[in-house]
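Please look over the structure shown here together with the report that follows, which takes up a sheet, some unusual backbone places, a core and the contact between chains.

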Amino acid sequence: MIPPAGKPALASKARLRYDRASGGYLLLYPERGLALNPTAASILKLCNGELTVDGIVERLQREYTDRPGPELRQDVLEFVEEMARRGLLQVAG
Amino acid sequence: MSSAPRPYTLVAELTYACPLHCVYCSNPLDFARHHDALDTADWRRVLREAEQLGVVQVNLTGGEPLLRADLEHLIEEARALDLYTNLITSGIPLERERLLRFRRLGLDNVQVSIQDARPAESDRVAGREVFQRKLVVARWVKELGFPLTLNTVLHRENLDRIGEVIALAEELHADRLELANAQYLGWAFLNRPALLPTEAQLRRARSVAGAARARLEGRMEVLFVVPDYYVEFPPACMDGWGRRFIVVSPDGLLLPCLLAHTLPGLSFGNVREQSVEKLWTSSPGLTAFRGEAWMPEPCRSCSRRAIDFGGCRCQAFHLTGNAAATDPACSLSLDHARVETARAAAAQAAPGLATLRYRAARSHA
């Protein structure tokens, strides 16, 4: 579970990279990489260790104006939890 | 652009030289015949050309990459290209100052090999007294803020101590632990009678690793790789021949895997003479086993052919003398008995330590 005050940040082993070939973003870590969909990339760019999940949702809402707030929050929370389980996000605070 | 698949990872084997003598070394038996022929400018160009082709990760490896005095320049170039840059090292010989320079140059990850959880047992496999020094290096890696991967090659002698290896990785705060069984090619094939574990050993080790993976979830990534000799179907070796990985050997050959240049009858071009793109797309060695046209039965009509790509070509050659055979690790292979015979020998082998043949330059090679 991500505590309300928790501030997700990319794990030290993970790095975002823009991919010319696909026009999307890759999340790279040792011997592996994930091709991110646009929403996942937007979320991870906001995982800077300064924003809480609510802070991330607030920023994202500007981009995803037609997605209801509670649903967007649920999307972000599930994604952040999954990435933390995989050790690709660390949640400080 | 070509119709060849997009490569994602470059394995840059900067030198075959190494201070260690590990009995399962992944370099070819005749490593001493391949000299370091690429200078700094060559390697920089290889990095640039690989990135142009789609590569996003580079493993700087060897032999021991620390023996290259120009490693700093290569890290710098790799990071300028925004490549995820991974140093794969024994940790010998490394000074803290140099590691700090790597950090400042933007190196992303450091992988240190540990041969065992215990000093004497570890040094026995490495053929040199290096265990304590490796621990010092692994601690520097974390102190300087790098993510740390620990890699331990598993075999008959250390599989029963896998719990101790995991405990050591936790103590060192490793971010990733690769518990990779030896694959029986090259030096490991030569030492197979001493190294091949029993099925019971593997079963126990796998369950210990699985429990650790669950317990350490989110903190340490725990990988457990079984030896191909104990699978029902082989894994996709290198994700398929000439499909995702580019390997460049110290003498400049562009290869699909670490040992492809030991297979007879294949010719691989050299990056000193041709571009990475040209070689990746059309060198005869790269196209030889790319795709499905080369496959014999039972691969050709098998529903798994796009999953495992026929398995490992080097293993097929080691066990049958024919690199184009179905990988004998596959239970459907007509040569599978060769693997079963080796497993039976492992099950019946006398307890205790067997004689090991250490990696060394061979005069008759």
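In strand 4 of chain B, B:Val112 is the bridge partner of B:Thr89. This pairing belongs to a predicted model, in which strand 3 (residues 84-89) and strand 4 (residues 109-113) of chain B run parallel and are joined by four bridges. Both strands are part of an open sheet of nine strands in chain B, whose order is 7-6-5-4-3-2-1-8-9 and whose pairing is mixed. Strand 7 (221-225) and strand 9 (254-255) of chain B each have a single partner strand and stand at the edges, so one side of each has no neighbour in the sheet.

As for confidence, chain B has a mean pLDDT of 97, with 99% of its residues at 70 or more, and for the complex the predictor gives an ipTM of 0.95 together with a pTM of 0.97.

Some places in the backbone deserve a closer look, since most residues other than glycine have a negative phi, and most peptide bonds are trans. The table lists the exceptions taken up here.

| Place | Feature | Angle |
|---|---|---|
| B:Gly62 to B:Gly63 | cis peptide bond | omega near 15 degrees |
| B:Ile92 to B:Pro93 | cis peptide bond | omega about 0 degrees |
| A:Glu31 | positive phi | phi near 65 degrees |
| B:Asp82 | positive phi | phi near 60 degrees |

Where do these residues lie? B:Gly63 is found in the loop between strand 2 (57-61) and helix 2 (71-80) of chain B, while B:Pro93 is in the loop between strand 3 and helix 3 (96-105) of chain B. B:Asp82 belongs to the loop between helix 2 and strand 3 of chain B, and it counts as partly exposed because 14 other C-beta atoms lie within 10 Å. In chain A, A:Glu31 sits in the loop between strand 3 (25-29) and strand 4 (32-36), and with 18 C-beta neighbours inside 10 Å, A:Glu31 is likewise partly exposed.

Turning to the interior, the largest nonpolar core has 134 residues, and those with the most contacts inside it are B:Ile246 and B:Leu254. Leaving aside residues up to four places away in sequence, B:Ile246 touches B:Leu254 itself, as well as B:Pro7, B:Leu10, B:Val11, B:Ala50, B:Val55, B:Val276 and B:Trp280.

B:Ser3, by contrast, is placed in the segment before strand 1 (9-13) of chain B, and it counts as exposed because it has 5 C-beta neighbours inside 10 Å. Although B:Ser3 and B:Thr281 are 278 residues apart along the chain, their C-alpha atoms are separated by 7.6 Å.

Which residues of helix 2 (residues 53-63) of chain A are buried? They are A:Val53, A:Ile56, A:Val57 and A:Leu60. Seen down the axis of this helix, the buried residues fall within an arc of 100 degrees, so they line one face of the helix. What covers them includes two elements of chain A, helix 1 (38-46) and helix 3 (69-85).

Finally, the two chains touch one another, with 19 residues of chain B in contact with 12 residues of chain A. On the side of chain B that touches chain A, there are eight charged, seven polar and four nonpolar residues.

Note on methods. Residues are numbered from 1 along each chain as its sequence is written. Chains are lettered from A and ligands numbered from 1 in the order in which they are written. This is a predicted model: local features need pLDDT of at least 70, side-chain atom pairs count only at pLDDT 80 or more; totals for chains, interfaces and linings use all residues. A nonpolar core is a set of buried Ala, Val, Leu, Ile, Met, Phe, Trp, Tyr and Cys residues joined through C-beta atoms within 7 Å. A residue is buried if 20 or more other C-beta atoms lie within 10 Å of its own, exposed if 12 or fewer, and partly exposed in between; C-beta atoms are placed from the backbone. Two residues are in contact if their C-beta atoms, placed from the backbone, lie within 7 Å. Ala, Val, Leu, Ile, Met, Phe, Trp, Tyr, Cys and Pro count as nonpolar, Asp, Glu, Lys and Arg as charged, and the others, Gly among them, as polar. The arc is that of the directions from the helix axis to the C-beta atoms. pLDDT is the predictor's confidence in each residue, from 0 to 100. Two strands pair if DSSP finds at least two bridges between them.
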